[in-house]
Amino acid sequence: MPQLRQEADPDEAGLDPKALDRLDRYLAHHVDEGRLPGYLVAVARGGRIAHLTAHGHRDRAAGLPVEADTLWRFYSMTKPVTALAVLLLVEEGRLSLDDPLDRHLPVFANPRVYVGGSGSEVTTRPADGPVLIRHLLTHTAGLTFAFYHSHPVDALYRAAGLESSVPPGADLAETMDVYAGLPLQFEPGTRWNYSVASNVLGRVVEVASGQPLDAFFAERIFRPLGMPDAGFHVVPEQAKRLSELYAETEDGGIAPVPGLPLHGRPRFLSGSGGMVATAYDYHRFTEMLRRGGELDGVRLLRRQTVALMTRNHLPGAADLRAFGTPAHQEPGNDGIGFGLGVSVVVDPDRTCVPAGLGTYGWSGAATTTFWVDPGRDLTVQFLTQVRPRALKVIPEVKRLVHEAVVG
């Protein structure tokens, strides 16, 4: 199988080797102190990998190292891939960003919006308008996650058995029935709340294409882009390369925890977080975006569609901190807008870590992240497998990479 390899010297690519050494030493210290099991970091300029480091273990107990072909749970980094699937169908005329959701999923007809109360005393009203496809892509539909504890609708999700975003044993279609039976937190299109919306989009892709989500991804995205290890589960010959999943413990260490049920095709195909892949696979995806929808002569999207995907679509051109619950109003959201499935830097002077205007990307629950900085012709991946409690490694990775860019 192909895997990432360094293709250029840092100096040649306009990167400072001393700054990159600081990045490696910072991350290696986290491994040595037991806060990370291992990691892979890849920095590319102009599409060429100019810094690639794999360090530590993919499985500490077995003594197995992180390698270039290690398989990772990407969790929410699945969401931009789901957005790509939707935009493929938009370009083909099988969807429109302004389609009402119930045109494709009738169970979402007549949505209701939260008014007040909690538990069995919740009151609702009919929404002023329908949920649109664009609302799902931008997380402005009024949906939520059960694991938030900041709004009465979050509690209704928990009461409906959605702690892991899917009722136990349900498939994607069955899960839609549960989502649709719950009220929206707010009028569609008026606010931002990170949510289960990408799972809904996954089902829209299935209905609009007539294919299961994993088959659509494989046929329309993974194969054309040359992403040979990407999928929603691992086959036996891949299993030994899969990283163990860890969680941060109260004392700042890490311990193994159950991850996605990846050994065998899952019943629930999560467009929000079900993807497993290698760094090489995801690099192919990010390079397609950096190149405006094309890679190695294969065009998936028009350049104009990628430009639409990677610009801010939040109401009033606001940033993330202006919307949502207190959980979203953290300083780290200053200067960050949201496009169609990706975050977008709209005001570099207000971001808490250095970033170029128009930089876009997203992160995953196991402390994985990617970003593309068009102004610097830069793409970056950082991959590990830790569900954090207090660990804040990604902002420091971003700062150290930014310091390394000199050309």
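1. The lining of the second largest pocket divides into seven nonpolar residues (Ala, Val, Leu, Ile, Met, Phe, Trp, Tyr, Cys and Pro), three charged (Asp, Glu, Lys and Arg) and three polar (the others, Gly among them). This pocket has a volume of about 250 Å³, and of its 13 lining residues Ala-218, Phe-222, Pro-228, Ala-230 and Gly-231 are the closest to its centre. A pocket here is an open set of points on a 1 Å grid over the protein atoms alone, with protein on both sides within 12 Å along at least five of seven lines, and lining residues have an atom within 4 Å of a point.

2. The model is predicted, with pLDDT of at least 70 needed for local features and 80 or more for side-chain atom pairs, while totals for chains, interfaces and linings use all residues. Residues are numbered from 1 along each chain as its sequence is written, and side-chain values use heavy atoms, with hydrogens and water left out.

3. The count comes to one cavity of 30 Å³ or more, a cavity being a set of grid points where a 1.4 Å probe fits but cannot get out. The largest cavity has a volume of about 40 Å³, the space filled by probe spheres set on points joined across faces, edges and corners. Its lining has six nonpolar, four polar and no charged residues, including Leu-4, Ile-49 and His-283.

4. Thr-278 lies in strand β9 (residues 276-278; strands are DSSP runs of E, at least two residues, numbered from the N terminus). Thr-278 counts as buried because its relative accessibility is 1%, the cut-off being under 20% relative accessible area with a 1.4 Å probe and protein chains only.

Conventions. Helix = DSSP H or I, 4+ residues; strand = E, 2+ residues; numbered from the N terminus. Buried < 20%, exposed > 50% of the residue type's maximum accessible area, 1.4 Å probe, protein only.
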